[in-house]
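Dear colleague,

I am passing on the structure we spoke about, and my notes on it follow directly below. Please read them with the model open beside you.

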Amino acid sequence: MALPYTQNWPRRTILESVVMASKEKIEKYEHFLNNVLREDLRIVVEEREKLYEDIAAHSQLRQTITCITEAPGCTDEGLRTQVDLGSNFYVQAHVQDTSRIYVNVGLGFFVELTLQEALGFIDKKLNILNARLEESTQKSAKIKGQIKFVYEALRDLQGYQESNSSQP
């Protein structure tokens, strides 16, 4: 028994309309995959790279402060060091008071802290950065899962389209 809305339509026209509809779906999925999901993934990966750089910079600062506090006579005599002026151009410098340090706390603000206060700040900042890194990793995994899901849907649609187009 034929359905009423298909009585007057030849079978070929119905298959052609199904194929056209699946071509439109394929184009929509491809657009979503390439222009939305891949762009979101690129942004999340860039954010993660920035977080890794921030974590490395704070870890390096913690190591530097630890070296200053553990160096014998560093607090009494001061500290001789090299300072990067930019473009890897270094000059010799002498720091007379090593008991305090200026730390960038964000938004271009620097705060003068004792070495122990700076270590406490760095530990808190590293905890925050690591939490944001974990969140970014989860977001990245979610987007990768969505990409895989859309890719599988595309494969299924294209397989369905090929099987319908091969029928007489």
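Two strands count as paired if DSSP finds at least two bridges between them. In this model, which is a predicted one, strand 1 and strand 2 (residues 90–95) meet that condition, pairing in the antiparallel sense over six bridges. Within this pair, Gln82 stands opposite Gln92 in strand 2. The hairpin that the two strands form has five residues between them, and in it Gly86 takes a positive phi near 125°.

Strand 1 also matters for the description of the largest pocket, whose volume is about 360 Å³. The lining of this pocket is made up of 16 residues, and those nearest its centre are Thr64, Ile68, Leu79, Thr81 and Val95. Helix 1, strand 1 (79–84) and strand 3 are the elements that each give two or more residues to the lining, and the largest share, six residues, comes from strand 1. By residue type, the lining divides into eight nonpolar, four polar and four charged residues.

Turning to the interior, the largest nonpolar core has 14 residues, of which Ile55, Ile65, Ile101, Val103, Leu115 and Ala118 touch the most other members. At least two residues of this core are supplied by each of helix 1 (11–70), strand 3 (100–106) and helix 3 (115–165), with helix 3 giving the largest share, seven residues. A second core, separate from this one, consists of 10 residues, among them Ile26, Leu33, Val150 and Leu154.

If you would like one residue of the largest core to look at, Val103 is among those that touch the most other members. Once its neighbours within four places in sequence are set aside, Val103 is in contact with Leu61, Phe109, Phe110, Val111, Leu113, Ala118 and Phe121.

A last residue to look at is Ser140, which has its place in helix 3. Is Ser140 buried or exposed? With a relative accessible area of 2%, Ser140 falls under the 20% cut-off and is therefore buried. Leaving out residues up to four places away in sequence, Ser140 touches Leu41, Val44 and Arg48. Of these, Val44 is 96 residues from Ser140 in sequence, yet the two lie 6.2 Å apart in space, C-alpha to C-alpha.

With best regards

Conventions: Residues numbered from 1 in each chain as written. Predicted model: local features only at pLDDT ≥ 70, side-chain atom pairs only at ≥ 80, totals over all residues. Heavy atoms only, no water. Core = buried A, V, L, I, M, F, W, Y, C linked by side-chain atoms within 4.5 Å. Buried < 20%, exposed > 50% of the residue type's maximum accessible area, 1.4 Å probe, protein only. Helix = DSSP H or I, 4+ residues; strand = E, 2+ residues; numbered from the N terminus. Contact = heavy atoms within 4.5 Å. 1 Å grid on protein atoms, 1.4 Å probe; cavity = no way out; pocket = protein on both sides within 12 Å on 5 of 7 lines; lining within 4 Å. Points joined across faces, edges and corners; volume = space filled by probe spheres on them. Nonpolar A, V, L, I, M, F, W, Y, C, P; charged D, E, K, R; others polar.
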